[in-house]
Amino acid sequence: MTESQLTTVMEAVPEPMLHIDGQGTIQATNAAARALLGEWILGRSYAAVLRQPGLLGRIEAVQAEGQAGEARFELADSAGGIQFRVRISVLPEQGGRDRTSGARWPILLHFTDITHLREAEEMRRDFVANVSHELRTPLTAVLGFIETLRGPAKEDAAARDRFLSIMEDEARRMNRLVSDLLSLSRVEAAERMRPSDIVDLGAVLDGVIAAMRPAAEENGNTVELLRDGLARPDDDRLRALIHGDRDQLMQVFLNLTENALKYGGPNKPVTVRILREEGSASLKGPVIRVDVIDRGDGIDAQHIPRLTERFYRVDTHRSRAMGGTGLGLAIVKHIVNRHRGRLRIASEKGRGSTFSVLFPEA
Ligand code: ADP
């Protein structure tokens, strides 16, 4: 292959590539490499450009031995650094190579951005640590009470009943956590598959309200559904149809309504409102919007962007005391993403919060 053919091939590769000759001079670059390292690098020594001992050492070795290698290269940027895996391959020399002169092999460097792989790895580690921590607390309690029931409280009927009821609560908490984890992994697995069924959101909300009403009333609360000119199942023009998965949509609005009741507090009515509107920048065309509105304490602005992270809670103690797993909104976010919808959270301290979900109309 001639130098110009090599350059043509390199330009066709979207990732950064460098051709370094036996003298260590950068002979050719592609557009991605120039964007990454600068326009000035052509004709320079690779050592002046790359400057990271790990990578320089590998290049040195490959050029001396003629065996392909791999190294890491890291570039600092405002978002906290980009990590590359660099493949170093050996080029056959034009016109043979004079082994006696100690000449070095010409090579090709190919950079692959592996930042997102690193991030995924970190997320997985954090996730395992979080799950273990969440399970350990109730497990420790259950084991402690078993011990007490076998020993000091053996003959104490009143204590036994009390301890058994605490153990039941803790076991139920673990059960909820495991079912939320399973839902989350099921939703994530299917996230790229867009649902194709046509679902009437108004009917879904009727089901949600009916399911939540008894628990709400027990706390002196009410849940009402407002249909702003929409979603009457008996009239086709007023239906709110979207492409969706009925069970998952049910889960979204059960989670949001349950949160509104939990964090809204007793005697603070919850309103669910459904309407049709014209979409805006990120979601064009006609949109069905559902607002779940509570009149609780509201959420500080700094927490809002993080609420959909797994296990993120504003007040861990309060969430746990109310049986929360910290996964409800993470599940909501994944389901909404799968439906190509949007979740918006607005809140005012002391006045309450509105969780809005927008879906493209079918
Ligand atoms: P949890 O099981 O803790 O309720 P979620 O994922 O459903 O987990 O919610 C995460 C956190 O978001 C909650 O712990 C709570 O701090 C906050 N949050 C959710 N919904 C509301 C709401 N309607 N009002 C105030 N805070 C809320």
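Me: Where does the lining of the second largest pocket draw its residues from, in terms of domains?

Reply: Domain 2 (115-189) and domain 3 (194-360) each put at least three residues into that lining. Keep in mind that you're looking at a predicted model.

Me: How do I read a pocket in the first place?

Reply: Rolling a probe the size of a water molecule over the atoms shows where empty space is left. Here, the second largest pocket holds about 420 Å³ of space. Its lining has 13 residues, and Met123, Arg124, Phe127, Glu188 and Arg310 are the closest to the pocket's centre.

Me: Which helix gives the most to the lining of the second largest pocket?

Reply: That's H5, with six residues. Helix H5 (115-150) and H10 are the elements to look at, as each supplies at least two residues of this lining. Sorted by class, the lining has six charged, four nonpolar and three polar residues.

Me: And how much space lies in the largest pocket?

Reply: About 1000 Å³. It is lined by 42 residues, and the closest to the centre are Glu258, Asn259, Lys262, Tyr263 and Met322. Several elements each supply at least two lining residues, among them helix H6 (157-189), helix H7 (201-218), helix H9 (316-321) and strand E12 (352-360). The largest share is nine residues, and it comes from H8. By class you'd find 16 nonpolar, 14 polar and twelve charged residues.

Me: Now the packed parts. How many residues has the largest nonpolar core?

Reply: There are 44, and the ones with the most contacts inside the core are Leu201, Val252, Phe253 and Leu256. Helices H6, H7, H8 and H10 give two or more residues each, and so do strand E9 (270-278), strand E10 (286-293) and E12. H7 gives the most, with seven residues.

Me: Where does this core lie with respect to the domains?

Reply: It lies between domain 2 (115-189) and domain 3 (194-360), because both give residues to it. To get a feel for it, click on Leu201. Leaving out residues up to four places away in sequence, Leu201 touches Ala240, Ile242, Leu249, Phe253, Ile274, Ile288, Val290 and Phe359. Apart from this core lies another one, of 21 residues, including Leu18, Phe73, Phe84 and Ile88.

Me: How is the whole chain divided into domains?

Reply: The domain assignment gives domain 1 (3-113), domain 2 (115-189) and domain 3 (194-360). Taken over C-alpha atoms, the centres of domain 1 and domain 3 are 53 Å apart.

Me: Back to single residues. What is Arg85 in contact with?

Reply: Start with its place, which is strand E4 (residues 82-90). Setting aside neighbours within four places in sequence, Arg85 is in contact with Glu70, Ala71, Arg72, His110, Phe111, Thr112 and Ile114. Leu109 is 24 residues from Arg85 along the chain, and their C-alpha atoms are separated by 10.0 Å.

Me: Which residue other than glycine has phi near 50°?

Reply: Arg51, and that is a positive value. You'll find Arg51 in the loop between helix H3 (46-50) and helix H4 (53-65). Another case is Phe311, with a positive phi of about 70°. Phe311 sits in the loop between E10 and H9.

Me: Is Arg51 buried or exposed?

Reply: Exposed means over 50% relative accessible area. Arg51 has 63% relative accessibility, so it counts as exposed.

Me: And Phe311, buried or exposed?

Reply: Buried means under 20%. Phe311 is buried because its relative accessible area is 10%.

How values were computed:
Residues numbered from 1 in each chain as written. Predicted model: local features only at pLDDT ≥ 70, side-chain atom pairs only at ≥ 80, totals over all residues. Heavy atoms only, no water. 1 Å grid on protein atoms, 1.4 Å probe; cavity = no way out; pocket = protein on both sides within 12 Å on 5 of 7 lines; lining within 4 Å. Points joined across faces, edges and corners; volume = space filled by probe spheres on them. Helix = DSSP H or I, 4+ residues; strand = E, 2+ residues; numbered from the N terminus. Nonpolar A, V, L, I, M, F, W, Y, C, P; charged D, E, K, R; others polar. Domains from an automatic or database assignment. Core = buried A, V, L, I, M, F, W, Y, C linked by side-chain atoms within 4.5 Å. Buried < 20%, exposed > 50% of the residue type's maximum accessible area, 1.4 Å probe, protein only. Contact = heavy atoms within 4.5 Å.
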